[in-house]
Amino acid sequence: MNSRRIMAAFPSAADEQVTLANWRQHPFNEWAFRNVRELLPTANIARAAAPAPLSFAPRYLDDLSFANPRGETVGVGEALRASHTDGIVVSHRGQVAFEWYAHGLTPDTPHLIFSVSKSVAGTLGGILADHGKLDPDAPVTRYIPEMESSVYGGSCRVRHLLDMSVGIRFDEDYMARDGDVMNYRRSTGWELPDPAIPPSNLRDYLRTLRPNGAPHGETFHYVSTNTDVLGWVYERACGLSYAKILSHYLWQPMGAEHDAYITVDSRGAGRVAGGICATLRDLARFGEMMRNHGISNGRQVVPGWWIDDIRQNGNAEAWSRGDLTKVFPRQLPQQVVHARPARNAFCRGRHPWPVDLHRSGQ
């Protein structure tokens, strides 16, 4: 289609010496987001034997304009280039209406999706609950007894992990060069080891996390480690690795066309909160499934009652007391998922660079 843009692939990691430690400064850091397997160990998430078909009704949207927060008129193509977008897929009424790729990304290339991995994990929880594998209201320690001495012990329940309402002492500051996020990244293998700090792995690190004094369930507090603990709960509930659980219960039933994969630490624990790499077209299938009340390719993959819970339930007071406005305005590699079930539309985009969306006209 006319909107597609594909640039030459970037050099290899050996040529460019790309490491996790220097990706922020490296001129080819978008290369790293598409070649994670050359930087970190990963576990495969197997695709479906017969992928769910995609229907295409392409429209040229590059010149479609909108007003940015400054009141300036900006075209879609201009905005995508200004925000360093690698790719975007827009689906309308079950058909792919717009597909745009840049910086070497292609329809067959898995791309790191960062915290959209959390949405995948939360969706998977409903499937496991519907299969009788998981009790969302059970204490975390029913599945992971060794977490009793951590913030995830005592009254902390699986529901608190799903709702990001754990009363945990953790500052999700991605720009800090020391502190909670750096220690977390080191435990996952996403940061080079510090000779002054003993080696760690993700699950040993999770057991060190402590409460902040707030009761669980009363305040929205966005912390990535909650989702990593959630993935650990799933493994204990199913007796399988997270990658195999995701493939068996969601990725294959959904009809994924391509294998996805997830980064793992030195002991094979997946970074459930932000380590999945997948193609945009398979994420379009995921979005279409959610728009259709959990149905994909004629099959009920996600239980309808879980979709209703996502859309209709929640704690408005906990949300208002939360820290959403402190987390997301920071300049981060952006991932965007936007669903409008009432208008039969779904949009999925990926920005590899730290982007201020207001400055870039989004």
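What span should the 13 residues of helix α10 (residues 242-254) have at 1.5 Å a residue, and how far apart are its end C-alpha atoms? The expected span, taken as 1.5 Å times one less than the number of residues, is 18 Å, and the end C-alpha atoms lie 17 Å apart, which agrees. Before the helix is followed further, a few words on the model will help. The model is predicted, so local features need pLDDT of at least 70 and side-chain atom pairs count only at pLDDT 80 or more, while totals for chains, interfaces and linings use all residues. Residues are numbered from 1 along each chain as its sequence is written, and side-chain values use heavy atoms, with hydrogens and water left out.

The overall picture comes next. The chain holds 14 helices and 13 strands; these are DSSP runs numbered from the N terminus, with helices being H or I runs of at least four residues and strands E runs of at least two. Of its 362 residues, 51% count as buried, where buried means under 20% relative accessible area, exposed means over 50%, and partly exposed lies in between (1.4 Å probe, protein chains only). The chain exposes about 16200 Å², with carbon and sulfur atoms supplying 51% of that area; the areas come from the Shrake-Rupley method with a 1.4 Å probe, and for residues only the protein chains shown count as cover. Contacts, defined by heavy atoms within 4.5 Å, often reach far along the sequence: among those between residues at least 6 apart, 69% join residues at least 24 apart.

Back to helix α10. This helix bends by about 40 degrees at His248, the bend being the angle between axes fitted to the seven residues ending there and the seven starting there. Because 10 of the 13 residues of α10 are buried, the helix is largely enclosed by the rest of the structure. Among the buried residues are Tyr242, Ile245, Leu246, Tyr249, Trp251 and Met254. Just after α10, Gly255 takes a positive phi of about 90 degrees.

Two residues of α10 also meet a neighbor from another helix. Glu235 is found in helix α9 and counts as buried at 16% relative accessibility. Leaving aside residues up to four places away in sequence, Glu235 touches Arg203, Leu240, Ser241, Tyr242 and Ile245.

Charged pairs form another theme. A salt bridge is a side-chain nitrogen of Lys or Arg within 4 Å of a carboxyl oxygen of Asp or Glu, and a search of the whole structure finds 16 of them. One of these joins Glu146 and Arg236, whose side chains meet at 2.5 Å, N to O. This pair links distant parts of the chain, 90 residues apart: Glu146 sits in the loop between α5 (140-143) and α6 (158-163), and Arg236 in helix α9 (residues 224-238). Glu146 counts as partly exposed at 28% relative accessibility, and Arg236 is likewise partly exposed, at 39%.

A further salt bridge pairs Arg177 with Glu191, the closest N and O atoms being 3.5 Å apart. Arg177 lies in the loop between α6 and α7 (180-188) and Glu191 in the loop between α7 and α8 (202-206), so the pair ties together parts that are 14 residues apart in sequence. Here Arg177 counts as partly exposed at 46% relative accessibility, whereas Glu191 is buried at 7%. Salt bridges that share partners also join Asp137, Arg159 and Asp309 into one network. Elsewhere, the side chains of Arg142 and Asp135 meet at 3.5 Å, N to O; Arg142 is exposed, with a relative accessible area of 52%, and Asp135 is partly exposed at 28%.

Cysteines give a different result. With a disulfide taken as a pair of cysteine sulfur atoms within 2.5 Å, the count comes to 0. Cys238 counts as buried at 16% relative accessibility, and Cys277 is buried with a relative accessible area of 0%.

Finally, the backbone deserves a look. Most residues other than glycine have a negative phi. His103, not a glycine, has a positive phi of about 60 degrees; His103 is found in the loop between β6 (95-101) and β7 (111-112) and is buried at 14% relative accessibility. Met164, also not a glycine, has a positive phi of about 55 degrees. Met164 is found in the loop between α6 and α7 and is buried, with a relative accessible area of 7%.
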